[in-house]
Amino acid sequence: MAGIATTIWTTLKSYLDWVYFPKISWTDVLDIIIIAYLIYHILLWMKTSRAWTLLRGVIVILLFLGLAALLRLNTILWISRKLINVFILTIVILFQPELRAALDELGRKNIIKSLLSNNVNRPGDAKISDRTVFELVKTATELSKTKTGALIVLEHETPLGEYIKSGISLDAEITEQLLVNIFEKNTPLHDGAVIIRDNRIVAATCYLPLTGRTDVNKELGTRHRAGLGISETTDSMTLIVSEETGGISIAFGGVLYRDLDEDGIRKQLARIQDKPEERPVRGVRPKKGGHKA
């Protein structure tokens, strides 16, 4: 029995002699914490800007090069080695606006305060609350009566930071009175789009990309084309009031829903509230909130 135990101990000892146990000091722990903090905030910054989309493209290229290395595609690997410097320079050029914005934010940021702050969302908080829906429905119907043009974008999952920066920054509670006043003709903020994030008005007079589709109704003006354009590039929802007809439309997912009434607006806005869908009664088809363009 003693011989078996000795043999096992000798075997374990010979195995453990090959295992390296690094000595970890408090400076190593601090080093890991700092790097983890930096990586976390870099990823957080990327997710709130266009850099996240560009990063995914870079990852696809790296995966392709990894596959080429596994399959020993020598020609592709030779070309990639020759173009590595050009590739790095291209990445810097592509990310230049985001890098500049990040450095500017870093210079104005209070790091100690951000470490101590609590940014966890409270339970029950929603990006689009029932109160926001109520105020938007009232706003749209009021503007429709006076044929006052309006363009209101509701951010969903895709960040709209670059479009927010194109306008005038605000931080205001959503009310019918405020929105009607913003879109009043000949006022400083009436031209352009209002953007809503987390149940707050965050910017006005924002510029939106116009849709490039050729099958859009020629009767539709710039507001409708801008609403369609932003819905094609992001998952946001845009509420549009026509200045010519007073008609109310909503653009979502590259589709324009026109001639909406109060109930139709409410149903469309409920689509981005992330609420569980109610099961329709068997044999009864749900009514649509408007017809598509």
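Begin by selecting Leu136, Ile152, Val194, Leu239, Ile265 and Leu269, because these are the residues that touch the most other members of the largest nonpolar core, a set of 30 residues whose members count as buried when their relative accessible area is under 20%. Keep in mind throughout the tour that this is a predicted model.

Next, colour the elements that supply this core: α8 (130–145), β1, α10 (176–182), β3 (193–197), β4 (200–206), β5, β6 and α12 (262–269) each give at least two residues to it. Helix α8 contributes the most, with 5 residues. In soluble globular proteins, nonpolar side chains tend to be buried together.

**Two leucines in the core**

Centre the view on Leu136 and show what surrounds it: when residues up to four places away in sequence are not counted, Leu136 touches Ile152, Leu154, Leu179, Ile196, Leu239 and Leu269. From there, move to Leu154, which lies in strand β1. Is Leu154 buried or exposed? Leu154 is buried, since its relative accessible area is 0%. If you leave aside its neighbours within four places in sequence, you will find Leu154 in contact with Ile128, Leu136, Ile196, Ser236, Met237, Leu269 and Ile272. Now pick the C-alpha atoms of Leu154 and Leu239, which are separated by 8.1 Å although the two residues are 85 residues apart along the chain.

**Strand β5 and its partners**

Select strand β5, residues 237–241, where 5 of the 5 residues are buried. Turn the strand so that both faces can be seen: Met237, Leu239 and Val241 point one way, while Thr238 and Ile240 point the other way. Add strand β1 (residues 150–154), which runs antiparallel to β5 and is joined to it by 5 bridges; within this pairing, the bridge partner of Val153 is Thr238. Then add strand β6 (residues 248–252), which is also antiparallel to β5 and joined to it by 5 bridges, with Ile240 standing opposite Ser249. Between β5 and β6 there is a hairpin with 6 residues between the strands, and in it Gly246 takes a positive phi near 80 degrees.

**Strand β4 and its partners**

Move on to β4, which is largely enclosed by the rest of the structure, as 6 of its 7 residues are buried. Which strands should be shown beside β4? Strand β2 (residues 168–173) runs antiparallel to β4 and is joined to it by 4 bridges, and here Ile168 stands opposite Ala204. Strand β3 pairs with β4 in the antiparallel sense, again over 4 bridges, and there Ala193 stands opposite Cys206. β3 and β4 form a hairpin with 2 residues between them, and Asp198 in the turn has a positive phi of about 50 degrees.

**Out to the surface**

Switch to a surface view and select Trp26, Leu30, Ile34, Leu38 and Ile42, which form a nonpolar patch with about 530 Å² of accessible area together. Ile34 belongs to helix α2 (residues 26–47), and it counts as partly exposed because its relative accessibility is 43%.

**The whole chain**

Finally, zoom out until the whole chain is in view, with its 12 helices and 8 strands. Of its 293 residues, 31% are buried. The chain exposes about 20,400 Å², of which carbon and sulfur atoms supply 61%. Among contacts between residues at least 6 apart in sequence, 62% join residues at least 24 apart.

Conventions. Residues are numbered from 1 along each chain as its sequence is written. This is a predicted model: local features need pLDDT of at least 70, side-chain atom pairs count only at pLDDT 80 or more; totals for chains, interfaces and linings use all residues. Side-chain values use heavy atoms; hydrogens and water are left out. Patches are made of residues with over 30% relative accessible area and no salt bridge: like charges are joined within 9 Å, nonpolar side chains (Val, Leu, Ile, Met, Phe, Trp, Tyr) within 5 Å. Accessible areas come from the Shrake-Rupley method with a 1.4 Å probe; for residues, only the protein chains shown count as cover. A salt bridge is a side-chain nitrogen of Lys or Arg within 4 Å of a carboxyl oxygen of Asp or Glu. Buried means under 20% relative accessible area, exposed over 50%, partly exposed in between (1.4 Å probe, protein chains only). Contact means heavy atoms within 4.5 Å. Two strands pair if DSSP finds at least two bridges between them. A nonpolar core is a set of buried Ala, Val, Leu, Ile, Met, Phe, Trp, Tyr and Cys residues joined through side-chain atoms within 4.5 Å.
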